[in-house]
Amino acid sequence: MGNTRMRRRWLVLITAAATALALLLALNFARPEKKLERSIAHSYAIDDPQFRREMGALLGPAIVGGNAVQALNNGKEIFPAMLADIRAATSTIHFETYIYWSGDIGRQFADALSERARAGVQVRVIIDWVGGLKMEDSLLEGMAQAGVEVHLYRPLHWYNLGRLNNRTHRKLLVVDGRTGFTGGVGIADVWDGDADDPEHWRDMHFRVTGPVVTQMQAAFVDNWIKATGAVLSGPDVFPALAPAGTLDAHLFISSPEGGSESMHLMYLMTIAAARHSLDIHASYFVPDALVIEALVAALGRGVRIRVLVPGPHMDANSVKLASKSTWGALLAAGAQFHEYQPTMMHVKSLIVDGQMVSVGSTNFDMRSFSLNDEASMNIYDPGFAAAMTARFERDLAQAWPYSHQDWLDRPWRERFAETVLRPIRSQL
């Protein structure tokens, strides 16, 4: 009888533990309660004032003029520009990133941030806990000893277990409240160089000046509050910003804790507004049914859609397989897919009708749309869009087209893997 009672107690304990684990997994993999369920009608063009009004109203920050945006290509251009502005900082440096790995680039950034902190600059850094797993403790300790305020975003603690799957994927650097950087680049040696071999990735980052930098600073402050509970304010954080150029832009954020559908909504609104062309740099292209429906509708009204994705060099093969499973309906409707050949292509951009460009940390997938903390900037300017289209087409020249027949002929192993991955596609 005693053994029977003991077995029952163990069974109860095991059942309770399994239930708790299931609940934690459900919390981590669940999408927000509020989600978009219907497509958006094609009502306004990108250059219609009504489209801009609604984008500003629905995504949050208003579109502001007077900005300058410099497109930087690959680590050869990106890292020197970021490090130069860090080394020139006089009051504040605010830096948030997903990936920060050990290596030469990681050391250069740690040294530059530490030197400025020792010089009296207020240096605040947020590194995602998962994205920073390959970062040596010595880098963190060295920055902290120099006076850098470093916080890991949602580290492994019991009180974070229900949100462990919700990461910050934002890539933001704001120097003196006046100069901002955003884009796709993490702090790791794979982004160094000029994308001239498979060990060094193709990517873009953007240096920004003008009033929209205030919105970039606000995006950093949003996650600083989550990480520390402290609000940042004052003229060193939010200085008055004069016009620096002629571009209209706004930066908006998304997070599972608020504004979780902002990115999803932005993509759906933009696709619905397109009349002529959509050019998409997509390092991870795993759209949901609603986005696929919107893209097929755009193709049906004559919009040319070109999607540039990674080819043989891909850092996440499971994502590649999940991505390819979504291409069939799009290829059949006339979308053009091209696989980049030289190295891993990590660029994230959307160019619409030669009028608008969206750049930032957001991937074209449901993880970015619903689970990650993201930040993206929309720039409304035909000249900037033309320059970005030229860059897109230079990358396209190094890609191989992938046809609907290629998709139909893909091997059974790929089809089987796609079937296995389908239930977790939104988590990849």
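Contact here means heavy atoms within 4.5 Å of each other. The model is predicted, so local features are given only where pLDDT is at least 70, and side-chain atom pairs count only at pLDDT 80 or more, while totals for chains, interfaces and linings use all residues. Residues are numbered from 1 along each chain as its sequence is written, and side-chain values use heavy atoms, with hydrogens and water left out.

**Figure 1. Overview of the protein chain, with 14 helices and 17 strands.** Helices (H or I, at least four residues) and strands (E, at least two) are DSSP runs numbered from the N terminus. Of the contacts between residues at least 6 apart in sequence, 83% join residues at least 24 apart. The chain has 428 residues, of which 54% are buried, where buried means under 20% relative accessible area, exposed over 50%, and partly exposed in between (1.4 Å probe, protein chains only). About 17,800 Å² of the chain is exposed, and carbon and sulfur atoms supply 56% of that area, as computed by the Shrake-Rupley method with a 1.4 Å probe.

**Figure 2. Close-up of helices α4 (residues 104-118) and α5 (residues 137-146).** The axes of these helices come within 8 Å and cross at roughly 15 degrees, which makes α4 roughly parallel to α5. Axes are lines fitted to C-alpha atoms, for helices over the stretch in contact, with angles running from 0 to 180 degrees between N-to-C directions; angles under 35 degrees count as roughly parallel, over 145 as roughly antiparallel, 65 to 115 as roughly perpendicular and the rest as oblique. Gly106, Arg107, Ala110, Leu113, Ser114, Ala117 and Arg118 in α4 meet Ser138, Leu139, Gly142, Met143 and Ala146 in α5. By class, six nonpolar, four polar and two charged residues form this contact of α4 with α5, where Ala, Val, Leu, Ile, Met, Phe, Trp, Tyr, Cys and Pro count as nonpolar, Asp, Glu, Lys and Arg as charged, and the others, Gly among them, as polar.

**Figure 3. Close-up of helices α2 (residues 49-59) and α7 (residues 262-273).** The axes of α2 and α7 are 10 Å apart and make an angle of about 170 degrees, and the two helices are therefore roughly antiparallel to each other. On the α2 side, Phe51, Glu54, Met55, Leu58 and Leu59 meet Ser262, Leu265, Met266, Met269, Thr270 and Ala273 in α7. The contact of α2 with α7 has eight nonpolar, two polar and one charged residues.

**Figure 4. Close-up of isoleucine 280 in strand β9 (residues 277-282).** Isoleucine 280 is buried, with a relative accessible area of 1%. Its C-alpha atom is separated by 5.9 Å from that of serine 349, although the two residues are 69 residues apart along the chain. Not counting residues up to four places away in sequence, isoleucine 280 touches Ile305, Arg306, Val307, Leu308, Ser349, Leu350, Phe364 and Phe392.

**Figure 5. Close-up of glutamine 215 in helix α6 (residues 213-228).** Glutamine 215 counts as buried at 15% relative accessibility. Leaving aside neighbours within four places in sequence, glutamine 215 is in contact with Pro61, Ala62, Val64, His250 and Leu251.

**Figure 6. Close-up of arginine 154, in the loop between β4 (149-153) and β5 (172-175).** Arginine 154 is a residue other than glycine with a positive phi, near 50 degrees. At 7% relative accessibility, arginine 154 counts as buried.
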